[in-house]
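Welcome, and thanks for taking a look at this one with us. Please have the sequence and the model open side by side as you read.

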Amino acid sequence: MSLRKYLTSRVFLLQVFIAVLIIAVLGYLFMHWLTFTTNHGNEIAVPNLSKLTEEQVEEKLDGLDLDYVLLDSVDYRSDYPKYSVVQQDPLPGAKVKEGRKVYIKINSSGFSSVRVPDLIEKTYREAVPTLKALGLEEGTITYIPNLGKDMVLEMRYKGRDIKAGDKVLKSSKIDLVLGDGKASYEEDIRTDSIANPTEEMPNE
């Protein structure tokens, strides 16, 4: 029998049909096995863990067949309870498989302390970003007569004078005393003259 006749024969077509059928059945079984082993379709919505303690997180995730990993603590935030969850990954509502780990970061127990930077004779525009970079806040601004307009002359905390290097808690408000730029050279000279009067030679 020639090749052409064999390829068009009933025997060959039957063999092709059986081969295709076997491949289809194997593919169907493989897909079902894959679905079963990966728990396809059995996804869990990650709950919102914000402001929960570590014990509450463990209890909540255990009930959903999820796990958690504590990564670190973050700088204290007053709008969150101490030792409560501030950040989580995956985010609330994300779909995950059973056994997935949720990574959390918790709030510290309180503000850490920082050293007050040296802002004396710096401009107001320089001082404010420096405070914020250290986690401090701008407090009350007071102006006094001085040639240096908007130049920092004094730093105060809760009504008392402070100097560079003093320690305060993060998020503290630092009050600044600035020059108003309105003092004149004549006033400075007059003040110096009063403080240090010129000695005159007695008439002989």
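## A buried asparagine and its surroundings

Leaving aside residues up to four places away in sequence, Asn107 touches Val74, Asp75, Tyr76, Arg77, Tyr80, Pro81, Lys82, Tyr83, Ser84 and Val86. Please keep in mind that this is a predicted model. Asn107 belongs to strand β5, which covers residues 101–107. Is Asn107 buried or exposed? Its relative accessibility is 1%, so Asn107 counts as buried; the cut-off for that class is under 20%. The side chain of Asn107 also has a polar partner: one of its polar atoms lies 2.9 Å from the backbone nitrogen of Arg77. Arg77 is also among the residues that Asn107 touches.

Now for a contrast. Tyr28 sits in helix α2, residues 10–37. With 51% relative accessibility, Tyr28 counts as exposed, since that class begins over 50%. Here are the two residues side by side:

| Residue | Element | Relative accessibility |
|---|---|---|
| Asn107 | β5 (residues 101–107) | 1%, buried |
| Tyr28 | α2 (residues 10–37) | 51%, exposed |

Tyr28 has company on the surface. Together with Leu14, Phe17, Ile18, Leu21, Ile22, Val25, Leu26 and Leu29, Tyr28 forms a nonpolar patch with about 900 Å² of accessible area.

Helix α4 is worth a visit too. Within α4 (residues 124–133), the residues Ala127, Val128 and Leu131 are buried. Why do these three lie on the same side of α4? They cover an arc of only 95° around the axis, and this places them on the same side of the helix. The general rule behind such spacing is that an α-helix has 3.6 residues a turn, so residues three or four places apart point the same way. The buried residues of α4 pack against three strands, β7 (137–144), β8 (152–157) and β11 (173–179). Arg125 and Ala133, by contrast, are exposed on the other side of α4. After the helix comes Gly135, with a positive phi near 85°.

Finally, the whole chain. The protein chain contains 5 helices and 11 strands, and 24% of its 204 residues are buried. Of the contacts between residues at least 6 apart in sequence, 69% join residues at least 24 apart. The chain exposes about 14800 Å², of which carbon and sulfur atoms supply 55%.

Notes. Residues are numbered from 1 along each chain as its sequence is written. This is a predicted model: local features need pLDDT of at least 70, side-chain atom pairs count only at pLDDT 80 or more; totals for chains, interfaces and linings use all residues. Side-chain values use heavy atoms; hydrogens and water are left out. Patches are made of residues with over 30% relative accessible area and no salt bridge: like charges are joined within 9 Å, nonpolar side chains (Val, Leu, Ile, Met, Phe, Trp, Tyr) within 5 Å. Accessible areas come from the Shrake-Rupley method with a 1.4 Å probe; for residues, only the protein chains shown count as cover. A salt bridge is a side-chain nitrogen of Lys or Arg within 4 Å of a carboxyl oxygen of Asp or Glu. Helices (H or I, at least four residues) and strands (E, at least two) are DSSP runs, numbered from the N terminus. Buried means under 20% relative accessible area, exposed over 50%, partly exposed in between (1.4 Å probe, protein chains only). A polar contact is a pair of N or O atoms within 3.5 Å; within protein, one must be able to donate a hydrogen and the other to accept it, and residues adjacent in sequence count only if both atoms are side-chain atoms. Contact means heavy atoms within 4.5 Å. The arc is that of the directions from the helix axis to the C-beta atoms.
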